[in-house]
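Trainee: Could you take me through a single part of this model in detail, namely its nonpolar interior? I would like one connected account rather than a list.

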Amino acid sequence: MAAASTDRQQDWITTVVRSPFGKSVLRRLPAGVRHWLFTGRRWQRHIVAQLRSRWHRSLQLRVVSTTLVLSALVIAVLGFFLVLSIANGLQTSAEASARSQVESGAAFASNQTSWHVLEPQTQFDSLITAEAIARALQQSSGSTGSYLVFIQLTNGGPVGVQWVGQRAVNITATIPPDLITEVGNEQRLHRADNDYTATPWSEPTTLTYAPGFGSSGPALAVGEPLGPYYQLYYVFPFTGQQSTLVLVQRILVGVGLALVVLLAAIASLVTRWVVLPVRHAAQAAQRVSAGHLEERMQVLGVDDLAALATSFNDMAASLQAKLRELEDLSSVQRQFVSDVSHELRTPLATIKMAADLLFESRQELHAAGGRSAELLQSQLERFEELLVDLLEISRYDAGAATLDADLVDVCDLVRRSADDAQQLAERKGSRIEFRLPATGCFAEVDRRRVERILRNILINAVEHGEGKDVVVTAAIDSAAVAVSVRDYGVGLRPGEQQRVFERFWRADPARTRATGGTGLGLAISLEDARLHGGWLQAWGEPGKGSVFRLTLPRIVGQELAGSPLPLGPDEAEIAAPLGGADSYPPEVD
């Protein structure tokens with residue numbers, strides 16, 4: 001039921017495919033594409049089902065997978081924060097180094113008396129001074145190009161020239177406006193001479209080159225006033241820091257992957273140490289449940305797993321001893337029942353002969369004596385039936401019952417078995433109705449045992465039918481033949497469908513047996529049905545009657561897959577078209 005419910009669940013792919021939009025799209029696709037799509041979908045379902053089954057069945061897989069995912073998540077989070085911390089450290093170090101470099105450059109420019117950075121000059125002289133300062137400071141960067149130097153002319157240069165520096169760089173896009181504003185404020189609010197030390201200002205930026213001169217990249221812009229007429233700016237590309245950060249990231253990824261794999265291997269190894277003994281215990285338990293009571297687990301060491309193996313071995317040994325004890329007791333009981341049954345037959349025969357004489361002479365006795373002779377005769381017959389049933393059930397218990405199968409018409413057996421039940425039905429005021437197929441129901445069965453089954457369920461139906469009609473239905477298919485007996489009497493309460501086949505069980509212990517039954521009839525009938533490889537099943541509801549259905553394979557040794565008749569209250573009505581309804585068929589020789 002659960003599997004069917006799971007099969008009915010639709011994933012999002014199935015929902016899309018079955019939607020009107022999905023159907024319209026599929027109709028427009030070529031037949032070959034649709035075939036490959038459906039084939040891929042079937043393979044996807046198969047693989048998912050295999051993975052799901054493997055996931056639920058393997059504890060080791062679940063532990064290793066969980067460890068792998070959690071360790072990867074933890075390492076990823078730690079790596080993220082570690083890279084972030086390293087990046088912040090590199091940026092802080094770069095800012096400190098940049099500020100120091102800018103302060104050194106500004107001091108160098110201010111101490112050059114030939115440049116007159118603190119004195120007003122003409123526009124052309126200011127431009128020449130700015131170019132000289134930028135060229136001198138840029139030369140100290142060397143061939144590495146660790147920084148770029150730019151100077152802004154506060155009062156403007158000739159023909160609107162405001163910046164001096166590398167022409168390949170888009171200065172206005174590289175130097176942040178906020179940084180220019182801060183440096184300008186610093187320049188206006190403080191006195192700029194040799195006695196004043198300016199404060200460098202910094203801000204992250206993007207080094208932007210003019211088209212065709214290079215690719216942009218992150219950088220740090222640092223600015224400082226250079227006297228009242230110039231502003232000095234340094235741009236430090238983060239090329240080295242980026243290379244370092246990329247190297248650190250690669251190292252962390254490699255180490256993280258190696259650590260994840262190592263943790264997964266350790267988890268697999270540790271789980272294997274735990275799972276293998278558990279698997280061995282499960283296999284040993286399966287062998288013990290299959291009857292191999294001598295199965296034991298190997299005890300290694302003194303740890304918890306060794307304690308598990310020791311406890312399992314003790315349990316198996318105790319179970320083996322108890323089962324042997326029960327087998328011996330059962331064997332003694334079966335032998336006792338068999339011996340007692342055989343030993344009682346001789347004195348019972350003698351008593352039966354004496355009782356027969358008294359029964360035949362009951363007319364010569366007074367009324368009380370004649371009645372006693374009749375009661376003695378009936379009870380002796382019941383006692384003899386009980387001995388026969390005890391002998392039969394003891395053969396089943398000992399495994400000595402055999403099947404003598406012939407090809408017979410089960411419908412004929414139904415008619416023959418109704419003879420004994422018909423007499424009881426007449427006394428009860430009920431009628432036995434037959435619904436049998438006209439073509440017969442031929443099968444390989446043991447005639448004697450099947451007649452006994454049918455006789456027992458017929459008598460049981462009449463006895464508990466409370467004077468109402470009993471319907472007997474037979475049906476046949478290619479593999480099985482079935483007979484059901486339907487009564488409309490007291491019925492069965494929930495849970496009694498199985499207990500009714502127990503030995504000496506009664507639905508109402510206070511109820512007397514009108515037919516003098518032994519209490520073993522249905523139990524023996526169930527064993528007879530199982531000996532054929534068939535089923536004997538019961539259905540019932542209080543006040544609605546009951547149904548007893550016998551299903552037998554048509555060929556001895558063939559396994560049953562179903563029954564031609566349903567097990568329920570309406571089987572007689574469903575099977576009615578199979579044949580006519582006779583109150584009681586004529587006796588067949």
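**The largest nonpolar core**

Mentor: In this predicted model, the largest nonpolar core is made up of 40 residues, and those with the most contacts inside it are Val414, Leu454, Val472, Phe501, Leu536 and Leu550. The element that gives the most to this core is helix H12, spanning residues 410-428, with eight residues. Taking Leu536 for a closer look, and setting aside its neighbours within four places in sequence, one finds it in contact with Ile453, Ile457, Phe501, Leu522, Ser525, Leu526, Ala529, Arg549 and Leu550; among these partners, Phe501 and Leu550 are themselves listed with the residues that have the most contacts inside the core.

A second core, separate from the one just described, has 26 residues, including Ala98, Ala130, Ile151 and Phe238.

One backbone detail also deserves attention: the loop that runs between helix H13 (447-463) and strand E9 (470-476) holds Glu466, a residue with a positive phi of about 55 degrees although it is not a glycine. For context, most residues other than glycine have a negative phi.

As for the setting of these parts, the protein has 589 residues, of which 35% count as buried, and its secondary structure consists of 16 helices and 13 strands. Among contacts between residues at least 6 apart in sequence, 69% join residues at least 24 apart, while the accessible surface of the protein comes to about 34500 Å², with 58% of that surface belonging to carbon and sulfur atoms.

Notes. Residues are numbered from 1 along each chain as its sequence is written. This is a predicted model: local features need pLDDT of at least 70, side-chain atom pairs count only at pLDDT 80 or more; totals for chains, interfaces and linings use all residues. Side-chain values use heavy atoms; hydrogens and water are left out. A nonpolar core is a set of buried Ala, Val, Leu, Ile, Met, Phe, Trp, Tyr and Cys residues joined through side-chain atoms within 4.5 Å. Buried means under 20% relative accessible area, exposed over 50%, partly exposed in between (1.4 Å probe, protein chains only). Helices (H or I, at least four residues) and strands (E, at least two) are DSSP runs, numbered from the N terminus. Contact means heavy atoms within 4.5 Å. Accessible areas come from the Shrake-Rupley method with a 1.4 Å probe; for residues, only the protein chains shown count as cover.
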